[in-house]
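Got your viewer open? Grab the mouse, and let's take a walk through this one together, one selection at a time.

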Amino acid sequence: MHFRELRRMSNLKDILIRIDVNGKAVKLKVKPYQTLLTILRDELELTGAKLGCGTGECGACTVIMDGKAVHSCLILAAQADGRKITTIEGISEGPKLHPLQEAFVKHGAIQCGFCTPGMILTAKAFLDEHEGPPTEKEIKEAFSGNICRCTGYVKILEAVLAVAKSTKKEDEL
Amino acid sequence: MNLSKLYKPIVSKIGEDIKMDGHANNRVMKKLFRPKQYFRPRTITEAATLLAKFGNLARPIAGGTDLLVSRPSDVKYIIDITRLPMDYIKKGEDGLRIGALTTFRNVETSEILKKEGYGILAEAACKMGSMPIRNVATVGGNICRALPSSELCPALAALDAKVKMVGFTGERTVPLEKLFVDVGKSVLKMGELLTEICLPTTPPHSGTAFLKIGRVAEDLSIVNAATRVTLDKEGGCKDVRIIVGGGIGPILIRAKRAEALFKAKKIGHSIIERAAQLASKDCCPRATSIRGSAFYKMQLSEVLVKRVLKHALQRAKENVQLERYINKN
């Protein structure tokens, strides 16, 4: 490593953070400039969240933090201290898939799969927060932060609508 | 003041990254974003002290949706202000107070704002970015970024908002319109922290409206317009505020010449059309505009101002009727 790099690294103050990732308490030492996405992928090897644009516009890095969908490329790891993070790896129960994951498979909403973790987590956060059955327009607005290059979005919308209909109907009963 | 003189042109060559005249776009990134220390102050005094101590080398971070995109290489100290007690929407006797750390999502979904006549803020906030961005982005951060293409700032200016800033030397309150001096520059001094937005009580018989046009949902505004129309009991115009934002100048445009047309008159179709034309003439988009040609933006601003004036007038009339109904019963 370059000498200047080494000297710079020695000035860095590492930060100890405690986060709850998919139900498990994790203690990590992070650098001030590392993002939540970096530590999820590199330190915790949860590679479901993807680095797409790195500027919060594509949504491939979406995770759920304290119940809200967020772009993990725009959150410093140090800021996630004390928070509860849910990644795509955490929504299934063992071999049993989450209803959203099943719907995406059933409706053909996955092609290359790069946007899929972000799409599913955005859907989960939206449906968990939304009271009553959502309209198509509301779902589309909720997904304005997730881009898909392959599918043209139609099947994704169908999958989310199907899950919304079945879960919201159960709530009413 | 000739605003177009302040507004630097965009110099670009085909094949090269877009460079702003005077400073290179950070995405050409020769130097990395490598702060060496992270602080998390627990009080506003601690935060202000840290910012004053490190000066230019420190940046506060709240939502991070601007800082982690621009990733300036000269930042050495990050001051995380998210745990400060500035996340609230409170109703006081003299109006409404919104803490600088309130997220866009909280503004969008707040029942207090809609009930107390500040619904334009919810209307504007839901047009910013996307849901995950709005879940962390803060109103204070958006104001301090001082971009004229902000959605929230025109809406706040339409409501005659003031902002409170706290620094080492004390506290001061500035009207939002006087806060911006250039693209990305405000009168916020080194070491100062924006803590609160103060909104006066909504005058009775008022209607507000906001419209934004962007290329896609999460894009910045090409042009946006916000207005508040206040009627008197007879239905004539008591007060009107018209603000145009987007890529239309270095700072928000307050269309004062357009507003002057409304003094104490009954608002009709022709006044609205003339006002929209005057408001559009106040805009000065760059010839080197990225998101649309200057010509397009001038046309668009006229259309948007006309539409928001019509919406706001309709809502003001409904409020007058509603109050008459309430007073009768």
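In which sense do β8(B) and strand β12 of chain B pair, and over how many bridges? Before you look, keep in mind that this is a predicted model. Now select residues 193-200 of chain B, which make up β12, together with β8(B): the two pair in the antiparallel sense over 5 bridges. To see one of those partnerships, click on B:K162, whose bridge partner in β12(B) is B:C198.

**Stop 1: the other partner of β8(B)**

Stay with β8(B), residues 162-167, and add strand β9, residues 170-175 of chain B; 6 bridges join them, and they run antiparallel. Pick out B:M165 and you'll find B:R172 standing opposite in β9(B). The turn between these strands is a hairpin, which joins β8(B) to β9(B) through 2 residues. What holds such strands side by side? Strands of a sheet pair through backbone hydrogen bonds, either parallel or antiparallel. Next, switch on a surface: β8(B) is mostly covered, with 5 of its 6 residues buried.

**Stop 2: into the core**

Select B:L121, B:I143 and B:L176. In the largest nonpolar core, which has 88 residues, these touch the most other members. Helix α9 of chain B, residues 152-158, gives the most to this core, with 6 residues. Zoom in on B:L121 and show what is around: leaving out residues up to four places away in sequence, B:L121 touches B:I98, B:V107, B:L113, B:L152, B:A155, B:L156, B:L159 and B:L199. In soluble globular proteins, nonpolar side chains tend to be buried together. Apart from that core lies another, of 32 residues, with B:I222, B:C237, B:I242 and B:A279 among them.

**Stop 3: a trio of rings**

Show B:F39, B:F54 and B:Y77 as sticks; ring pairs link them into a cluster. Start with B:F39 and B:Y77: their ring centres are 6.4 Å apart and their planes meet at 35°, so this pair is tilted. B:F39 sits in strand β3 (residues 37-39) of chain B and B:Y77 in strand β5 (residues 77-80) of chain B, so the pair ties together parts 38 residues apart in sequence. Now turn to B:F54 and B:Y77, which are stacked, at 3.8 Å centre to centre and 15° between the planes. B:F54 belongs to helix α2 (residues 44-54) of chain B and B:Y77 to strand β5 of chain B, so here the parts tied together are 23 residues apart in sequence. Buried or exposed, these two, B:F54 and B:Y77? Both B:F54 and B:Y77 are buried, and B:F39 is buried too.

**Stop 4: charges over rings**

Select B:R34 and A:Y33: the arginine lies over the face of A:Y33, at 3.9 Å from the ring centre. Then jump to B:K90, whose charged end sits over the ring of B:Y88, 4.2 Å from its centre.

**Stop 5: over to chain A**

Color chain A by secondary structure and look for an open sheet of 5 strands in the order β2-β1-β5-β3-β4, with mixed pairing. Its edge strands are β2 (24-30) and β4 (68-71) of chain A, each pairing on one side only. Zoom in on β3 (residues 62-65) and β5 (residues 84-86) of chain A, which run antiparallel and are joined by 2 bridges. There, A:I64 has A:T86 in β5(A) as its bridge partner. Last selection: helix α4 of chain A, residues 116-129, packs on the sheet and touches β3, β4 and β5 of chain A.

Technical notes. Residues are numbered from 1 along each chain as its sequence is written. Chains are lettered from A and ligands numbered from 1 in the order in which they are written. This is a predicted model: local features need pLDDT of at least 70, side-chain atom pairs count only at pLDDT 80 or more; totals for chains, interfaces and linings use all residues. Side-chain values use heavy atoms; hydrogens and water are left out. Rings of Phe, Tyr and Trp (its six-membered ring) pair if their centres lie within 6.5 Å; planes under 30 degrees apart count as stacked, over 60 as edge-to-face and the rest as tilted. Helices (H or I, at least four residues) and strands (E, at least two) are DSSP runs, numbered from the N terminus. Buried means under 20% relative accessible area, exposed over 50%, partly exposed in between (1.4 Å probe, protein chains only). A charge sits over a ring if NZ of Lys or CZ of Arg is within 6 Å of the ring centre and within 35 degrees of the ring normal. Two strands pair if DSSP finds at least two bridges between them. Contact means heavy atoms within 4.5 Å. Axes are lines fitted to C-alpha atoms, for helices over the stretch in contact, and angles run from 0 to 180 degrees between N-to-C directions. A nonpolar core is a set of buried Ala, Val, Leu, Ile, Met, Phe, Trp, Tyr and Cys residues joined through side-chain atoms within 4.5 Å.
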